[in-house]
Amino acid sequence: MSAIICSGVDKAYGSVKVIEDFNLAVADREFIVFLGPSGCGKSTLLRMIAGLEEISGGDVTIGGIRVNDLEPRERGVAMVFQNYALYPHMTIHDNIAFGLKRMKVPAAEIAERIRTVAATLGLEPYLERKPAALSGGQQQRVAIARAMIKTPEVFLFDEPLSNLDAKLRNHMRVEIARLHQSLKTTTIYVTHDQLEAMTLADRIVLMRAGAIEQVGTPAEIYGKPRTLFAAGFIGTPNMNFIDVTIAKGDGAGGNGGWVLESAGGRFTIEGARFALKPGAKAVLGIRPPDLRAVEPGSAGANLLAGTADLVEFHGNDALVSFLFGGIEIGAQVKATVCPRPGEAVCFAADEAHIHLFDKQSGLTLATD
Amino acid sequence: MKHKSTLPAVFLSPALLILAVLALVPTVFAVFISFQDRELSRPDGRFVGLDNYLALFSDRRFVNAIGVSLTWEVLTVGLTLLVALLIGILMFEYAGPRWRSALSLMFLTPVILPRVSAAFVWKFAFHPLYGIITWPYKAITGQPLDLLSDPATALGTVALVDIWQWGLFFAVIVLKLLETLPPQPFEAARLDHARTWQVYAYVAIPMLKAPLISLAFVKMVESLRAFDLIYVMTRGGPGITTETLDMYAFSQGFIESGRISYASGMAVLMMIATSIVFTVIWKRTRA
């Protein structure tokens, strides 16, 4: 069992609090990703769990044991660093064997385990080389091997792919996913790349300014963002945001739905999914792929019309930008039917895809 | 293109000329008179071939001086580096930024002191009757402790002063070197079940191998020139137990017999030996 529980964890540098009252329970064998912009405290949190940073307040337990005052080596964790952190003067073999030697594992067993790990990660040809003679991807594989060979209770990854180029990053991401599939070790993975988070995580912990913004599966966070920040941070291309004022619909019997007044036009919705108050300021969000293209000039409700001013070609599809009520809106369309810049465009926002957030608190108005 | 190739020569030649006068002339002259039988009491001399060199090898005092010089080198270079590493690592491990600056300033002071002054200060500190270091021994046992006059301790005591000057200075350099290293390999090692001393022994010090070798070379050259320290503290005594090669050459050339050619022979041998030894060690450690 190697569940990780953080309860009320604080981190302060002098009088500056960077993390306050962080609570999280990571289940055994779970792959958790800490996601957030730089400086949100995700790496600090990881280093506190590893034992490289002191814990200013609260408790961290790993496998039911409080580790606050344990040395890093006593916590049963292994870590992969962003810049690999290999021992530059040692061969790859010695780099991987270092931990086992310190643990006084018999030499024959070390040799056997290195053979297995090197085979898994395809490192056999490089064992006698020094780290400097390897490419970035190979070095990171050595770092993973060095962490793996100790068969730790917990894997910690601190932005392991940030130093690699895009192609290699994709490749290594798949390797890490496979590795977790076969090893099933509890893993915490820190990244600022939402693609890595979405593809690897069982659950994502979205962080901002030292606090949790939302915890959930990738689908939950993408589909039901709890805050404006979560909605804006997750998803490429970014969600469109339109400031609206909420008003009661004019249908009779109080069941006439709701009207959202914006600078570019009005939206009428039933609003059953949302807790709405007349007169309140809100932000309407809709993802670019959720905008449905309709004939320009067509009549109907919830239309966003404008003139395409920028068309970004992405391959299968294209991102069309246009001004709607003074706000830049992006809509994703099939590349084959994409309009030219200067042409009139019109998109429909279906209620099912609309997100609503309170303007002031940034919290979602959805009730489900 | 032509002026490009001559310009460096124009700038270099004055400096090289001065160097040639200052370094080359005495060196060549020393080699020259080492083949003569010049003495300070006579204005002239005649060529005697290799007589001086042959005589040196049957001179037991010369052989002793070689031994003392070698011991001195090993003792001062080894201990200086050991002390530097120990203090440097302790500072890196336990001192905050403010303490580091304060300690560094403190540890730099001894090496700024001219060595003759340092030698006098320490000679007095080791004085059997008035010295502050020997005082506790005297207070407890009632006997004076004369470290500098005891053949068994004299060389070690002088070496202590040398290490006090250079070991502390190098400790500051070691601290600064450690500060330049990336912290991640240390952190990785701590997660790799390494204890604190193992982090330094297996990761930090090997990562600093190249600069540490350079430091060792600096100290080796420096230790060869410890004449002033020994001259002030023991004058080679008691007997000849602290008489290094340069001390012996000096006493042969100027103090005892004025045999300037004989002393030059020694100097030339020293020059050849150190050139060869240093070249070999340099090549070995770089390989």
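**How the strands and chains fit together**

In this predicted model, strand β9 (residues 203-208) of chain A pairs with β10(A) in the antiparallel sense, over five bridges.

Q: What makes β9 and β10(A) count as paired strands?
A: Pairing takes at least two bridges between two strands, and β9 and β10(A) have five bridges, so they count as paired. The bridge partner of Arg208(A) in β10(A) is Ala211(A).

Q: Why is one side of β6 and of β10 of chain A left without a neighbour in the sheet?
A: The six strands form an open sheet with mixed pairing, in the order β6-β7-β8-β3-β9-β10 (chain A). β6 (77-80) and β10 (211-216) stand at its edges with a single partner strand each, so one side of each has no neighbour in the sheet. Helix α4 (residues 136-148) of chain A lies across β6 and β7 (154-158), at about 180 degrees to β6(A).

Q: Why is the meeting of Lys150(A) and Asp192(B) called a salt bridge?
A: The cut-off is 4 Å from a Lys or Arg side-chain nitrogen to an Asp or Glu carboxyl oxygen. Here the N to O distance is 2.8 Å, so the pair qualifies. The count between chain B and chain A is two salt bridges.

Q: How do you know that chain B and chain A touch, and how many residues are in contact?
A: Contact needs heavy atoms within 4.5 Å, and 16 residues of chain B are in contact with 23 residues of chain A. Leu191(B), Asp192(B) and His193(B) supply 39% of the area that chain B buries against chain A, more than any other three residues.

How values were computed: Residues numbered from 1 in each chain as written. Chains lettered and ligands numbered in written order. Predicted model: local features only at pLDDT ≥ 70, side-chain atom pairs only at ≥ 80, totals over all residues. Heavy atoms only, no water. Buried area = accessible area lost by both parts, 1.4 Å probe. Helix = DSSP H or I, 4+ residues; strand = E, 2+ residues; numbered from the N terminus. Axes fitted to C-alpha atoms, helices over the stretch in contact; angles between N-to-C directions.
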